[in-house]
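The exercises below are meant for a reader who is meeting this structure for the first time. Each one sets a task and then works through a solution step by step.

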Amino acid sequence: MHVIVLGAGVAGVCTAWYLLEAGCKVTVIDRADGAAMETSFANAGQLSYGYTTPWAAPGIPAKAAKWLFKKHSPLIFKPDGSLFQLQWLWQMLANCNAARYHTNKERMVRISEYSREMFRRLEAQTGIGFEGRSKGTLQIFRSLHEVEAAAKDIEVLEAYGVPYQRLKAEECLQYEPALKSALHKIAGALHLPNDATGDCHLFTRTLAAMCAEKGVEFKFNHTIERIEHSDGLIKAVYAGGQRFEADRYVCALGSFSRPALTELGLDLPVYPVKGYSLTVPIIDSDAAPVSTIIDETYKVAITRFDQRIRVGGMAELSGYAIHLNPERRETLELVVKDLYPHGGDLGKATFWSGLRPMTPDSTPIVGGTRFGNLFTNTGHGTLGWTMSLGSAKITADLVCGKATEVRSDDLGLSRYRK
């Protein structure tokens with residue numbers, strides 16, 4: 001069976017890998033000149049299995065209203081002039097209740113925990129390297145209010161059997177010694193030992209090379225022009241002036257999945273949520289993070305690679321245009337200087353922005369569509385890498401008509417028709 005995968009980000013490349021493992025002939029089409037050149041290029045670098053939480057949660061509307069007036073807000077809203085932006089926000093608000101939160105959290109944890117197992121299997125099978133570290137996540141709180149609010153997160157962690165450790169400020173040093181100079185700014189913390197870190201771009205490029213060695217054909221610099229369909233089936237994809245035919249198709253185009261499939265009459269509620277990152281060369285290893293920190297106040301992550309620090313955060317709802325706003329850089333620099341003032345050289349930092357494909361319920365859209373041979377693997381939001389292998393294996397099994405190893409019937413686009 002020949003399968004065409006649209007998109008060569010982490011979701012598309014992982015899907016190609018598992019389709020290849022299942023014995024399929026695979027072609028991957030992407031408009032960039034290589035794998036992982038857009039959203040997967042410079043994300044925060046976290047494999048956040050324990051921090052898998054829906055954006056849409058009770059209390060978020062009130063928090064969002066306050067954030068909008070903060071200088072260093074984790075959330076930025078700018079009207080993009082589209083009706084879809086307003087519809088998406090309305091759908092997200094409709095998910096901000098306890099019942100929906102529970103349902104969405106269960107789906108997300110299911111995929112993330114499965115993905116953690118798939119990472120374990122892949123590393124054992126291939127020895128793939130990506131500057132990975134398995135030292136957990138330290139979530140720090142700057143106020144007693146944040147410490148008290150974390151009680152709800154702890155309830156969720158316990159409900160889903162996610163290991164954690166609650167820490168006093170001074171206890172953070174056993175995991176992150178370089179925080180010593182910032183201890184007076186920390187009121188408490190949570191440590192999530194099962195989380196990991198690494199370079200998503202390096203991971204995706206390495207896996208793509210492994211796919212190519214085994215026969216996957218990558219068609220880079222091929223912008224998708226249109227998708228031909230009739231009688232409830234996809235007939236061909238036109239890209240880069242060529243016509244490509246296959247037996248089955250997978251859309252893994254991230255934020256661009258919605259416009260690509262709109263012409264088919266499919267309404268994917270995937271909105272591009274802009275995130276920003278800094279990549280900072282390390283100048284003092286002892287003054288740099290050991291693994292990854294999440295600053296709960298600013299919703300900024302600071303992650304350690306071998307010789308670099310990645311600082312990522314913010315959620316900006318402003319449409320598809322990418323521009324490097326200096327105010328966002330100021331926020332990232334503020335947090336890393338505050339916690340790790342001597343670890344990296346900010347003067348040589350690289351500033352980046354990318355579009356995260358977010359659904360109103362925070363759960364990716366993984367599964368079939370009303371077209372019998374078209375499947376989706378998109379909408380992972382800020383957890384694209386965390387969920388990448390799990391959602392890709394689910395997608396590949398569904399494409400091949402196999403039973404999935406975890407429940408998947410509630411992950412597809414059809415859930416929005418209910």
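**Exercise 1.** In which loop, between which two strands, does Ser291 lie? Establish also whether Ser291 is buried or exposed, and find what its side chain reaches.

Solution. The model is a predicted one, and the first step is to place the residue along the chain: Ser291 belongs to the loop that runs between strand E14 (271-281) and strand E15 (292-295). The second step is to look at its relative accessible area, which is 2%; because buried means under 20%, Ser291 counts as buried. The third step is to follow the side chain of Ser291, which reaches the backbone oxygen of Gly136 at 2.7 Å. Finally, leaving aside residues up to four places away in sequence, Ser291 touches Lys135, Gly136, Glu176, Thr197, Ile302, Thr303 and Arg304.

**Exercise 2.** Describe the protein chain as a whole, beginning with its helices and strands.

Solution. Counting the elements gives 9 helices and 20 strands in the protein chain. The radius of gyration is 21 Å, close to the 22 Å that the globule rule gives for 418 residues, so the chain is as compact as a globular protein of that length. Along the principal axes, the C-alpha trace spans about 65 × 45 × 40 Å. Turning to burial, 58% of the 418 residues are buried, and of the contacts between residues at least 6 apart in sequence, 77% join residues at least 24 apart.

**Exercise 3.** Locate Tyr101 and determine which residues it touches.

Solution. Tyr101 is found in helix H4, which covers residues 98-126, and its relative accessibility of 13% makes it count as buried. Its contacts, not counting residues up to four places away in sequence, are Thr53, Pro54, Ala56, Ala57, Pro58, Asn95 and Val156. One of these partners, Pro58, is 43 residues from Tyr101 in sequence, while the two are 7.5 Å apart in space, C-alpha to C-alpha.

**Exercise 4.** A search of the whole structure finds 28 salt bridges; examine three of them, asking how far apart in sequence the partners are in each.

Solution. Begin within helix H4, where the side chains of Glu117 and Arg120 meet in a salt bridge at 2.6 Å, N to O. Because they are 3 residues apart in helix H4, about one helical turn separates Glu117 from Arg120. Next take Asp338 and Arg142, whose closest N and O atoms are 2.7 Å apart. This pair links distant parts of the chain, 196 residues apart, with Asp338 in helix H8 (residues 326-339) and Arg142 in the loop between strand E5 (137-141) and helix H5 (144-159). Last, Arg415 and Asp361 meet through their side chains in a salt bridge of 2.9 Å, N to O. Arg415 lies in the segment after helix H9 (388-399) and Asp361 in the loop between strand E18 (350-358) and strand E19 (365-368), so this pair ties together parts 54 residues apart in sequence. Both Arg415 and Asp361 are buried, and both belong to a network of salt bridges whose members include Glu106, Arg107 and Arg110.

**Exercise 5.** Which residues make the nonpolar surface patch of about 560 Å²?

Solution. The patch is made by Leu68, Phe69, Phe77, Leu83 and Leu86. Of these, Phe77 can be placed in strand E4, residues 75-77, and at 34% relative accessibility Phe77 counts as partly exposed.

Terms used
Residues are numbered from 1 along each chain as its sequence is written. This is a predicted model: local features need pLDDT of at least 70, side-chain atom pairs count only at pLDDT 80 or more; totals for chains, interfaces and linings use all residues. Side-chain values use heavy atoms; hydrogens and water are left out. Patches are made of residues with over 30% relative accessible area and no salt bridge: like charges are joined within 9 Å, nonpolar side chains (Val, Leu, Ile, Met, Phe, Trp, Tyr) within 5 Å. Accessible areas come from the Shrake-Rupley method with a 1.4 Å probe; for residues, only the protein chains shown count as cover. A salt bridge is a side-chain nitrogen of Lys or Arg within 4 Å of a carboxyl oxygen of Asp or Glu. Helices (H or I, at least four residues) and strands (E, at least two) are DSSP runs, numbered from the N terminus. Buried means under 20% relative accessible area, exposed over 50%, partly exposed in between (1.4 Å probe, protein chains only). A polar contact is a pair of N or O atoms within 3.5 Å; within protein, one must be able to donate a hydrogen and the other to accept it, and residues adjacent in sequence count only if both atoms are side-chain atoms. Contact means heavy atoms within 4.5 Å. The radius of gyration is taken over C-alpha atoms; the globule rule is 2.2 Å times the number of residues to the power 0.38.
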